[in-house]
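Trainee: Before I rely on a model like this at the bench, I would like to learn how to read it feature by feature. Could you take me through it?

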Amino acid sequence: MAKLIKIRELDLDIPKEAQRIAERMLTDLEKSRRPVLEAVKTSLDNSFYDPKVGYLTPGDKTVKTELNVSSVQKLARVVFMLEIILRNLDIGSVNTKRELYYICKGLIRSETKLRPLDFEGQDESDAIIDFIGDMLRVYREELNCFANDRGGQTYSQQLVVYETMPDGEKATIDLSSLGTSPFMPKNKPQSLKLKAKKKIDFCLVIESEGTAGTLHAMGFTKRNNCILMGAQGVPSNAVRGWCKLIEDELAVPMYFFGDLDAYTLQNIFRTLKAGSAASLIRNADFSAPDVKFLGVLPEDVKRYDLPHYNVKESDPVEARALKKAKDALENDPFFLDRKNKGLADILKWLLSEKIRCEQQSFFSVDARDPIIMEKLILEKIRNKSYV
Amino acid sequence: MSKITKSSTAEYFAKNLQQVGFSSPLKAVLTTLKEAVDNALDACEAENILPEIYVEIKKVGTGSSKNTDLIKIIVEDNGPGIEPDDLAKVFGEYLASSKFGKGQCSRGQQGIGISAATTWAQLTNAKGAIVKTKTKGMRKAIQGQVDVDIKSNTGILKNKEAVDWDKPHGVRVEFDIDGRIQMNGDGGLITYLEGTVLVNPHLDLHHKLLDQEWVHVARVSQTIPEIPESTLPHPHTFKLGEFITHSTLYGKTSLDKFLKTGFSRVSDQSLKDFVVKGLPKGLLAKSVSGLSEVDFKKVFQSVQDTELMPPSTKSVLTVGEESLSKSIQRLGKIDFFSVMTRKPTICDFKPVVVEVALARFVDRNLALDEPVQLLRFANRVPLQFDKSGCAITWAIESVNWKNYGLQQPKGSLPNGPYVFAISVTSPFIKFKNASKETIDASEELVEEIRRALMQAGQKLSRHIKKEFKEADLERKLAHISQFGPILVEVLVRITKSGPERRKKAEEGLRKLLGQDSEEAKASLEEAETKLSAQKSRQAKKEGRSEESSEVQGALQSPIQSEESRESVVTDADEKTEAHSKGGQKISKKLTPPRVAAKSLPTKKPIKKTTTKKAK
């Protein structure tokens, strides 16, 4: 089997490092010492943002897990999954997180003595995989573990994608030949190369994948030399890596268009632009620092008289989003940075006005014009009405 | 213009029976039973007799009203009996009471309840109460039917006859009424009987409900509660109208004498203080019958403006922590319980005493995520309806039960398999309605109940904390045995090590985790020490030996038939090692023996006599 294409240059030999850790743990146990596993602390208080770098990077803080009666379960799960990952690395096999969850489940349930390790849900096994990545300071993808493909449906008349398949074969995908079907970026951006048949003016990432599909169906990509993409909510690793690849290889202006609410701004847009605290280790290759927030902007609400409504503070989800927004303004280095003052101002405005406006409200500006949203988006890009 | 007519009291109540607890067929059965039992208990206590009461309830046909059954309710007591001449008055005349306005903590107060029950029987089944009575001096009992003459508010005794009765004295009353029966739940008959049993430890109760067997709940106290002497009302509890009406009882008495003898806490000094506060001195010597309304207003206002000593708390009575502790075990198998009797205090210028019993039961099918079962009492009478507006419910909801280890949805009753019994006793309980189902929630009273609950909660939390520690230890021990070997085995595989390293690592791991479990054990021991210190304090307070305070099991459920009670006894014997864990699981296998030994249920002798009621 052909060797997997590397996602980045890595000095670390993962199997050797894992063996070293296991050896240290075993020696500690032999000497009745408590083994300790140390991982990067993946939280906002250990996140740093430098606008020149463009994404959140980890600080020096670490989380230490020392063996005791409370942590013995976690440590047993860590070494159990590490063994499976090491086997995958050895034979060059890849699995999704979900596959690993079911592989573990099968092994655990088929052997009585392993039963105590059983996971109640995939979130538990995902957390162990993340911990292993943070402990070794490597990408999950470098452990041959990939998330399920989700989001990133892409439409373009100019874009051509060259894919190197796992068996070494090459594939060429001309997006203009796909009709109304989108191209789905894979979870392995390192295996893709991009080419523009003609100059591409911009890349537009729409929060709602359905709205991206609608714009394409109404001829957006025919009338514009562009890449049109649906993010499908919080961008997955695939979407983030794909956007990064477009930025790196094509250097086209990238705009994000989504709802005007606290959740979109801090959970969706910030993650796309600068990564997240949970993925501090891999933000470098999974964020698109040059993406601009095209809207919906507070000024659009007034300018286009967009339908909007009040945030229901009694709704626990909304209340949590507002509280998170307040926290973000106080603690998130991304929003605290002067470079992102414009974005922080939108958050402040949302907190004080307590309203929200959906991206689809653009359709209502002129109900008789089927391409009104396209017109307004182009107008905004032309007028540099973005943050 | 329409003619103004005057109605008798009986006429009023006959038209408004819903106001006194007869608002539905279901409530009618419960209220009738309640009134009869209250009267029986009050009569026994008044004559210093240990009460032995028989209750029988059965369906005897279809009711005359829609969707009702004809229900027969029989209550028989060993009280002093009623003089035959008084029978008609007691059962057939409204407001004929020996307790009205006495200011005592008796169950009955106005003399409305039992006459209302007779009226209900008469209205729904055209037949009043069938009563049999025998006093100490009588050779034969007198039996007859009492009806209410609604027009004149007088009782009529019909079909009077002398009959043989092998009882030295007592009363037997029988009602046939339209009603419906609910056994369990807030308004259930069983809930009522359990409540009555709980706050009357001296009661010996035999009951037969529908097709069930006779059940005997033996008394756990030989002490008859002494009803304290009544005290005079405190003037600050009066309104102007009441004040004037009260004065009419004193005829031509002078004002100063009326104030001093008609109320408590009014002294010669108080009279001087009234004058300072605006009472015209000249009025003091005047007869109250000669005072004008304006004069009364001046007197009343000066009295209200003057600071007086709060009323005496001597007129309230308590069940007591010891009796409550014994009595609560008559309700079922108990894991643990906590009782608290507060000192009598003054709320809203009325003497009040609050008692609380919190218990966790193992055999009552109470769900973990359902609200606790609440038993409310006012003057030792269970309150079973409209709990949401009651001072007791408000007080429970105002406590943060999470502090004591219980789950509690915000602003609600806590959840879990617990029974919360709260008793408020006072000669002047302010009810929200005439049917006496809800205690008015004044701020002071709610606070007093809340304090009692918090004290009881603290005691309870010692038990719960001990359980948490036990569960913690159990979990830690389980972790060691479950995850340790996996950890070592996988590490050995990854490092490709041999069996010797494996053995050494296993030994090292055992040593490390053993230290942790020792810490957990120490923590459990600390919790146990605190709990036993609490038990010792309690035992010392009640003058008992420490062992007797360490009750973990229960006697028997009064609601069970004889056979099922036997099975409970067997369970108690078999489960000497089993006790509850944090997750409410009973686990014999995982409990360290040292812990189990501490919580052996103390077995109590169980009286297993099936009562065969002679018919």
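**Strands, cores and confidence**

Mentor: Let us begin with one pair of residues in this predicted model: Leu70(B) stands opposite Asp178(B), which belongs to strand β6 of chain B.

Trainee: Which strand pairs with β6(B), and in which sense?

Mentor: A strand pairing is described by its direction and by its number of bridges, and here β2(B) and β6(B), the latter spanning residues 170-179, run antiparallel over nine bridges. On the neighbouring pairing, strand β1 (residues 52-62) of chain B is joined to β2 (residues 69-77) by eight bridges, again in the antiparallel sense, and there Lys59(B) stands opposite Ile71(B).

Trainee: What links β1(B) to β2(B)?

Mentor: The two strands form a hairpin with six residues between them, and Asn67(B), in the turn, has a positive phi of about 55°. When you follow the side chains along such strands, keep in mind that in a regular strand they alternate between the two faces of the sheet.

Trainee: How should I read a nonpolar core, and which residues have the most contacts inside the largest one?

Mentor: Ask how many residues the core holds, and then which elements supply them. The largest nonpolar core has 100 residues, and those with the most contacts inside it are Leu33(B), Val356(B), Phe420(B) and Ile449(B). Helix α2 (residues 25-46) of chain B gives the largest share of this core, namely ten residues. Because domain 1 (9-181) and domain 3 (321-460) of chain B both give residues to this core, it lies between them. Apart from this core lies another, of 66 residues, including Phe220(A) and Leu350(A).

Trainee: What does Leu33(B) touch, leaving out residues up to four places away in sequence?

Mentor: Among the residues that Leu33(B) touches are Val55(B), Ile57(B), Ile73(B) and Val75(B), and Leu189(B) and Tyr192(B) are also in that list. Leu189(B) and Tyr192(B) are in turn among the buried residues of α5(B).

Trainee: Is helix α5 of chain B largely enclosed or open?

Mentor: For a helix, one counts how many of its residues are buried; in α5 (residues 189-199) of chain B this holds for ten of the eleven, so the helix is largely enclosed by the rest of the structure. The buried residues include Glu194(B) as well as Leu193(B), Val197(B) and Leu198(B). For chain B as a whole, 44% of the 615 residues count as buried, while for chain A the figure is 41% of 387 residues.

Trainee: How many residues of chain B are in contact with chain A?

Mentor: An interface is read from both sides: 27 residues of chain B are in contact with 25 residues of chain A. On the side of chain B that touches chain A, α12(B) gives the most, with 15 residues, and by class that side has 14 nonpolar, seven polar and six charged residues. The model scores ipTM 0.86 and pTM 0.56.

Trainee: Where in chain B does pLDDT stay under 50?

Mentor: Where pLDDT is low, the predicted coordinates should not be read in detail. In chain B, pLDDT stays under 50 over residues 545-615, although the model has 105 contacts there beyond four places in sequence. Among the elements of chain B, helix α15 (residues 562-574) has the lowest mean pLDDT, 29, whereas strand β7 (residues 204-209) has the highest, 94. The mean over chain B is 77, and 80% of its residues reach 70 or more.

Methods: Residues are numbered from 1 along each chain as its sequence is written. Chains are lettered from A and ligands numbered from 1 in the order in which they are written. A nonpolar core is a set of buried Ala, Val, Leu, Ile, Met, Phe, Trp, Tyr and Cys residues joined through C-beta atoms within 7 Å. A residue is buried if 20 or more other C-beta atoms lie within 10 Å of its own, exposed if 12 or fewer, and partly exposed in between; C-beta atoms are placed from the backbone. Helices (H or I, at least four residues) and strands (E, at least two) are DSSP runs, numbered from the N terminus. Domain bounds come from an automatic or database domain assignment. Two residues are in contact if their C-beta atoms, placed from the backbone, lie within 7 Å. pLDDT is the predictor's confidence in each residue, from 0 to 100. Ala, Val, Leu, Ile, Met, Phe, Trp, Tyr, Cys and Pro count as nonpolar, Asp, Glu, Lys and Arg as charged, and the others, Gly among them, as polar. Two strands pair if DSSP finds at least two bridges between them.
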